[in-house]
Amino acid sequence: MELKGKRLLFIGAQEMMCSAVETAKKMGVYTIVADYNKNFPAKRIADEKILISTSDTEALLKVCKEKKIDGVFSGYSETNQFYTLDLCEKGGYPYYGTRMQVETYAEKNNFKRCCEKYGVPTVPEYHLTSDLKAEDLEKLEYPIVIKPADSYSGKGITICSDGNMLPDAIETALKVSKNKRFLAEKYMDDEHYDIITAYYSVQNGIAALSAMVDRYMYEFGETRRLNTALLYPSQYLDRFISEADEKIRFMLKETGVKDGTLFIEGGVNADGFWFWESGFRLCGCQQNIFPSHINGVDIQEMLICHALTGKMADENKMSLEDPYFKGKTACNGIIFLNKGKISRIEGIEEIKAMRQVVNFSQLCEIGDEITADKIGTLNQSFSRFHIITENKSELFGIIEEIFKTLKVEDENGKNMIINTFRFDEMKKEMRWARRKHL
């Protein structure tokens, strides 16, 4: 697809957007990045930068007209996705999804109602309001999870082991919910469930399973936990294709999804799969990287094409998707930091030079501070890395080498890195990977 000379406005300039800007430039696209912070990383590599908040769609619309913009791209941010959708609707630019589709797959409550309509199983939910009615409390079976209905990056989520925790948990969820709504769900604990995520690509109404991962979690205290590693392909891939894939593709078809990318998160045990969250966008784990390297399908590149032309690509690429990754093993890992202000960073160039490392995204810089409010959210992340190897033994060896090489210290010279990788657990065969659905 010929895109040389076309002008693309990027809504947001944080680290995750750097790869999108670089990709667009390789495609011959003139790149313009808008954000309120003049120092955000993507502004350093774009052809042009604009100091306007991503939320100021009226000012951005003027920029689009003045700069003769051909398309608008938001990439990874759920918040910026809605601003971009506003801008595309007002300016007449292509967007791969409708507002109803975006709202359905972005908001947890809407997603669960959609799943119920089309027979996709969801995690059990409790009826609960902020006034904590006695008749509702009697039906709760602890532990439960209180979460905002419309947030992301692990923000506002609390695991509650008893009723005394509910008021603070609800307050925490409502603080980060733009619509001031929360959900109360059964806590899918590690003892009874394993956690998975599936990624879909959609082109011209054809949905293909792009990848599936096993998620390994780490607990930050007693009330928060996040995934620290995504291992590909999932040990549950065979079961997922047999039990859930057709239902999800049917849901995408019935909701009219023609183009784009979707991730869907959930849990699994011997009885089946349960889902609780999705996103109709590129997600922060940069799910395009592995399929791009292994299968030749870069959904980020395709979304850039769509933003400029209204088409994902000239040819249909869905038949190339292989969630088994042609027998390769891969890991998308996160490196978390303890509280403190970063004063020294070493080892990044050495890590990027490792043959098996196909991407290393640095999310924090010297001078950035990990404060108490960031603990237990993805804002505690220092970096993401993507590794492709021939087997798990090689994979774990490279991860260990990364942690030996990387140095991140605070102002007192103290190591800030938390090694959250539990290799003993990750080496085991998952409990229900080979069991048939009961």
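Trainee: Why does Phe-220 count as buried?

Mentor: Its relative accessibility is 11%, and buried means under 20% relative accessible area (exposed is over 50%, partly exposed lies in between; 1.4 Å probe, protein chains only). So Phe-220 falls on the buried side of the cut-off. Bear in mind that this is a predicted model, where local features need pLDDT of at least 70 and side-chain atom pairs count only at pLDDT 80 or more, while totals for chains, interfaces and linings use all residues. Residues are numbered from 1 along each chain as its sequence is written, and side-chain values use heavy atoms, with hydrogens and water left out.

Trainee: How many aromatic pairs turn up in the whole structure, and what makes Tyr-218 and Phe-220 one of them?

Mentor: The search finds 20 aromatic pairs. Rings of Phe, Tyr and Trp (its six-membered ring) pair if their centres lie within 6.5 Å; planes under 30 degrees apart are stacked, over 60 edge-to-face, the rest tilted. Tyr-218 and Phe-220 have 5.1 Å between ring centres and 70° between planes, so they pass on distance and the angle makes them edge-to-face.

Trainee: Why is the pair of Phe-421 and Phe-423 called tilted?

Mentor: Their ring centres are 6.4 Å apart, and the planes meet at 35°, which fits neither stacked nor edge-to-face, so tilted is what's left. Both partners are buried, too: Phe-421 has a relative accessibility of 7% and Phe-423 has 15%.

Trainee: Which residues do ring pairs link into a cluster?

Mentor: That would be Tyr-95, Tyr-96, Tyr-105, Phe-111 and Phe-280.

Trainee: What makes you say that the charged end of Lys-178 sits over the ring of Phe-82?

Mentor: The charged end of Lys-178 is 4.8 Å from the ring centre. The rule wants NZ of Lys or CZ of Arg within 6 Å of the centre and within 35 degrees of the ring normal. Lys-178 over Phe-82 is counted under that rule.

Trainee: How do you know that Cys-18 isn't in a disulfide?

Mentor: A disulfide is a pair of cysteine sulfur atoms within 2.5 Å. The closest cysteine sulfur to that of Cys-18 is in Cys-364, 13 Å away, so that's too far for a bond. The structure as a whole holds zero disulfides. Cys-18 is buried at 9% relative accessible area, as is Cys-160 at 0%.

Trainee: What makes an empty space a cavity and not a pocket?

Mentor: On a 1 Å grid over the protein atoms alone, a cavity is a set of points where a 1.4 Å probe fits but cannot get out, whereas a pocket is an open set with protein on both sides within 12 Å along at least five of seven lines; lining residues have an atom within 4 Å of a point. The count comes to three cavities of 30 Å³ or more. The largest is about 100 Å³, where volume is the space filled by probe spheres set on grid points joined across faces, edges and corners.

Trainee: What lines that largest cavity?

Mentor: Its lining includes Val-72, Phe-73, Tyr-95, Tyr-96 and His-306. Strand β4 (71-73) and helix α12 (299-309) each give two or more residues, and α12 has the largest share, three residues. Those labels come from DSSP runs numbered from the N terminus: helices are H or I with at least four residues, strands E with at least two.

Trainee: How many residues of each class are in that lining?

Mentor: Eight are nonpolar, three polar and none charged. Here Ala, Val, Leu, Ile, Met, Phe, Trp, Tyr, Cys and Pro are nonpolar, Asp, Glu, Lys and Arg charged, and the others, Gly among them, polar.

Trainee: Where does Cys-18 show up again?

Mentor: In the second largest pocket, about 560 Å³. Of its 23 lining residues, Cys-18, Ser-19, Glu-22, Thr-23 and Asn-359 are the closest to the centre. By class, that lining has six nonpolar, 10 polar and seven charged residues.

Trainee: What makes the backbone at Lys-68 and Pro-143 worth a look?

Mentor: Most residues other than glycine have a negative phi, and most peptide bonds are trans. Lys-68 has a positive phi, near 55°, and counts as exposed at 66% relative accessibility. Tyr-142 and Pro-143 are joined by a cis peptide bond, with omega about 0°.
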